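Visitor: I would like to learn how to read charged pairs, surface patches and pockets in a protein model. Could you take me through them in turn?

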Amino acid sequence: VTGVQTCALPILVCDYGEGADTVLEDLVVQRGWASGGGGGMEILFASPTLRRCLFQSNRASSFAGALSAEYSDSHLIDCRFSSNSALNTGAIYWWVGSATLETCVFESNTGGYGAGIYIDESDMTLDGCEFTGNVAGYETSGGAGGAAYLCCDATPTFRDCLFSGNQALQDEGEGGAVYCDESAPTFERCTFTGNNAGGEGGGAIHNDKGSTTLIDCELSQNTAENGGGGLHNENDSTTTGSGLRLCGNTPVNIFVDSTSSQEAVVSCDSTLADCGDCYDADKDGVPDSSDVCPGGNDLVDSDGDQVPDDCDDCPGDPLKTEPGDCGCGVVDTSVHGDLDCDGDYDED
């Protein structure tokens, strides 16, 4: 479906009533133009299903070059959003809804805020989605959230998503991949790599007055002009979670201002780009580079002699790590003929 440039309305519209049984699949929606939002498609008070649809080179003067949705619980499966642009949001603007996006791809979209997707007051779920090469900072507008901009109490969940090579331009560009503004997103098993913020921090994630949860995520080789290359927390924001891996982000992995907190359990905090000094082959929680007992559990040391039990042949003897001539728990003697190890010659 190709738009006509002189038309200032979306190419496709679903409004007031369409449900999940309204299915749009295998469509190419391209070169649409809207003077407001949704150059390719507008969804309003409806929840259609979109499957394997391509939104390409659509534009809008305000929000959402590709797709604008309000009050919608739509399900998008295997859809691709490529080279869409708008003054604010490049590809998708979603206001209020519990939508699900499954294995969707956002690539090379441009917009002032959230070049890939702008999520506003929604609790949508994104599973297995990819955000690559999206750029926030359209003309002279914005420069926040190269992949995603989350605002106004949005509570989205991202699972197994990739954020790669996204940018927030302009001198004040923030959140190369994600900008969290007064929202509470959750990221599970997500990877952020090679994203860039041109201004005040958050090459991967910029957290501003928000509450972000990160579970088993990796932030690597992200950059920012100032602040945290990986994670930037400011203005009463908090970050919680577990299993956070930070690898070679510039200028620092994490920045936290005096009003904010970072409580996520960091399993790797490395200056190396590939986190090579954080590998933990035996999964004992101690990186191989500082592992005293490779292949064993470094965290159990019953006798407190700094040698883990798994590598200590005398785990109950703080003075020995191997039995020697006299066994564990007994001081070895240099007296020849002292079979009972009591420190003197045996009597005949």
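Guide: We can start with a charged pair. This is a predicted model. In it, Asp26 and Arg52 form a salt bridge, with their closest N and O atoms 2.7 Å apart.

Visitor: Which parts of the chain does that pair link?

Guide: Asp26 sits in the loop between strand S2 (23-25) and strand S3 (28-30), while Arg52 sits in the loop between S6 and strand S7 (54-56). The two are 26 residues apart, so the pair links distant parts of the chain.

Visitor: What is the general idea behind such a pair?

Guide: Side chains of opposite charge can pair when their charged atoms come close.

Visitor: Are Asp26 and Arg52 buried or exposed?

Guide: Burial is read from relative accessible area: under 20% is buried, over 50% is exposed, and partly exposed is in between. Asp26 is at 47%, so it counts as partly exposed. Arg52 is partly exposed as well, with 39%.

Visitor: How many salt bridges does the structure hold?

Guide: The structure holds 11. One of them joins Glu107 to Arg80, the closest N and O atoms being 3.2 Å apart. Glu107 lies in strand S15 (residues 105-107) and Arg80 in strand S11 (residues 80-82), so this bridge ties together parts 27 residues apart in sequence. Glu107 has a relative accessible area of 22% and is therefore partly exposed; Arg80, at 36%, is also partly exposed.

Visitor: Which residues are linked in a network of salt bridges?

Guide: The network links Asp127, Arg159, Asp160, Glu188 and Arg189. Within it, Glu188 forms a salt bridge with Arg159, at 3.3 Å between the closest N and O atoms. Glu188 belongs to strand S26 (residues 186-188) and Arg159 to strand S22 (residues 157-159), 29 residues apart. Glu188 counts as buried because its relative accessibility is 17%, whereas Arg159, at 29%, is partly exposed.

Visitor: Now the surface. Which residues form a nonpolar patch there?

Guide: Residues in a patch need over 30% relative accessible area and no salt bridge. Here Tyr16, Phe45 and Tyr71 form one, with about 350 Å² of accessible area together. Phe45 is in the loop between strand S5 (41-44) and strand S6 (49-51), and its 40% relative accessible area makes it partly exposed.

Visitor: What lines the largest pocket?

Guide: The lining consists of Arg245, Ser267, Cys278, Tyr279, Asp280, Lys283, Gly285, Val286 and Pro287. These residues divide into four nonpolar, two polar and three charged. The volume of the largest pocket is about 180 Å³.

Notes:
Residues numbered from 1 in each chain as written. Predicted model: local features only at pLDDT ≥ 70, side-chain atom pairs only at ≥ 80, totals over all residues. Heavy atoms only, no water. 1 Å grid on protein atoms, 1.4 Å probe; cavity = no way out; pocket = protein on both sides within 12 Å on 5 of 7 lines; lining within 4 Å. Points joined across faces, edges and corners; volume = space filled by probe spheres on them. Nonpolar A, V, L, I, M, F, W, Y, C, P; charged D, E, K, R; others polar. Patch = residues over 30% accessible without salt bridge, like charges linked within 9 Å, V, L, I, M, F, W, Y side chains within 5 Å. Areas by Shrake-Rupley, 256 points an atom, 1.4 Å probe, with all protein chains shown as cover. Salt bridge = Lys/Arg side-chain N within 4 Å of Asp/Glu carboxyl O. Helix = DSSP H or I, 4+ residues; strand = E, 2+ residues; numbered from the N terminus. Buried < 20%, exposed > 50% of the residue type's maximum accessible area, 1.4 Å probe, protein only.
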